[in-house]
Amino acid sequence: MSIKTILTEPNKILRQVSKSVEKVGQAERQLMDDMLDTMYHANGIGLAAIQIGVPKRIIVMDLSKKEEEKKPMYFVNPVIKNKNQNFSKYEEGCLSVPNQFAEIERPKTCEVEYLDYDGEKKIIKAEGLLATCIQHEMDHLQGILFIDYLSKLKKSMIIKKLSKDKNKSDRITF
Ligand code: NI
C-alpha cells in the first residue's frame with residue numbers, strides 16, 4: 001500500500017471520463033488499497049481513481065467516524081439504477097478542490113449496482129451522506145466536479161483562487 005498524490009483542479013486529467021474495469025484482479029485490488037491509504041491520509045471520506053490519475057471506474061469510501069472502527073467500501077463500475085425524485089442539500093468538499101465548500105443539491109436516495117473488492121456483483125440502497133458521497137464520487141468518473149453545479153461566477157472565482165494557491169506552492173523558497 002502506498003500514498004499517492006491527489007490531483008487538484010485545475011487539471012485536465014480530472015476532466016477525463018474513466019473507463020470500465022473488465023475484471024477485478026490483483027492490479028485493481030492494489031489500486032483500491034493505494035486509494036484507501038491515500039484517502040485516509042488526506043482525511044477524506046471518498047476518492048475516485050481519476051483523482052490519483054488513473055482513469056478507471058473505481059471508487060473507495062469510508063463514512064465511519066474518527067473514533068469508530070474503519071469501514072472501507074469499494075465500488076467498481078458503479079451504475080445508478082434508481083434516483084429519488086426528491087432532492088436534499090449537503091455541504092460538499094473535495095480532495096481535488098482543496099479548502100472549498102458549497103451546498104449542493106442531489107437526489108436524496110439512490111440505488112447503485114457495482115462490483116465489490118472481490119469482483120462480486122452487489123446492489124446498495126443509499127441515503128443520507130452515503131447517497132450524496134456516492135453520487136459525488138460517481139461524478140468524478142464522468143469528469144465532473146461539485147463546483148460544476150455552482151454559478152459560472154462562483155465557479156470561476158474558485159478556480160482562480162485554486163490556480164493562485166497552486167502557483168504559490170510551485171514557488172521556490174530560499
Ligand atoms: Ni471529490
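The following paragraphs describe strand pairing, buried residues, aromatic pairs and salt bridges in a predicted model.

Residues are numbered from 1 along each chain as its sequence is written, and side-chain values use heavy atoms, with hydrogens and water left out. Because the model is predicted, local features were accepted at pLDDT of at least 70 and side-chain atom pairs at pLDDT 80 or more, while totals for chains, interfaces and linings use all residues.

A convenient place to begin is strand β2, residues 58–61. Helices (H or I, at least four residues) and strands (E, at least two) are DSSP runs, numbered from the N terminus. Two strands are taken to pair if DSSP finds at least two bridges between them. On this basis β2 pairs with strand β1 (residues 46–48) in the antiparallel sense over three bridges, with alanine 48 having isoleucine 59 as its bridge partner in β2. Strand β2 also runs antiparallel to strand β3 (residues 73–83), to which four bridges join it; here isoleucine 58 has valine 76 as its bridge partner in β3. Both faces of β2 are covered, with Ile58 and Val60 buried on one side and Ile59 and Met61 buried on the other. Buried means under 20% relative accessible area, exposed over 50%, and partly exposed in between (1.4 Å probe, protein chains only).

Helix α2 supplies a neighbour to this region in the form of glutamate 137. Contact is defined as heavy atoms within 4.5 Å. Not counting residues up to four places away in sequence, glutamate 137 touches Ile59 and Met61, together with Gly46, Leu47, Ala48 and Gln51. Its relative accessible area is 3%, so glutamate 137 is buried. By contrast with these contacts, glycine 119 lies 19 Å from glutamate 137, C-alpha to C-alpha, at a sequence separation of 18 residues. Leucine 129 is also found in helix α2, and is partly exposed because its relative accessibility is 36%. Together with Ile45 and Tyr90, leucine 129 makes a nonpolar surface patch of about 230 Å². Patches are made of residues with over 30% relative accessible area and no salt bridge, like charges being joined within 9 Å and nonpolar side chains (Val, Leu, Ile, Met, Phe, Trp, Tyr) within 5 Å; accessible areas come from the Shrake-Rupley method with a 1.4 Å probe, and for residues only the protein chains shown count as cover.

Two further buried residues are worth a visit. Phenylalanine 146 sits in the loop between α2 (128–141) and α3 (152–170), and counts as buried because its relative accessibility is 1%. Its C-alpha atom is 7.8 Å from that of glycine 93, although the two residues are 53 apart along the chain. Beyond its neighbours within four places in sequence, phenylalanine 146 has contacts including Glu92, Gly93, Phe101, Arg106 and His136. Aspartate 34, in helix α1 (residues 26–41), is buried with a relative accessible area of 6%. Outside the four places on either side in sequence, aspartate 34 touches Met1, Ser2 and Lys4.

Aromatic rings of Phe, Tyr and Trp (its six-membered ring) pair if their centres lie within 6.5 Å; planes under 30 degrees apart count as stacked, over 60 as edge-to-face and the rest as tilted. The count comes to two pairs by this rule. In one of them, tyrosine 74 and tyrosine 117 have ring centres 4.6 Å apart and planes at 50°, so the pair is tilted. This pair links distant parts of the chain, with tyrosine 74 in strand β3 and tyrosine 117, 43 residues away, in the loop between β6 (109–115) and β7 (121–127). Tyrosine 74 is buried at 16% relative accessibility, whereas tyrosine 117 is partly exposed at 23%.

Eleven salt bridges were found in the whole structure, each being a side-chain nitrogen of Lys or Arg within 4 Å of a carboxyl oxygen of Asp or Glu. Among them, lysine 56 bridges to glutamate 28 with the closest N and O atoms 3.1 Å apart. The pair links the loop between β1 and β2, where lysine 56 lies, to helix α1, which holds glutamate 28. Glutamate 92 and arginine 106 form another salt bridge, at 2.7 Å between the closest N and O atoms; glutamate 92 belongs to strand β4 (residues 87–94) and arginine 106 to strand β5 (residues 97–107). Both of these residues are buried. Finally, Glu9, Arg15, Asp148 and Lys155 are linked in a network of salt bridges.
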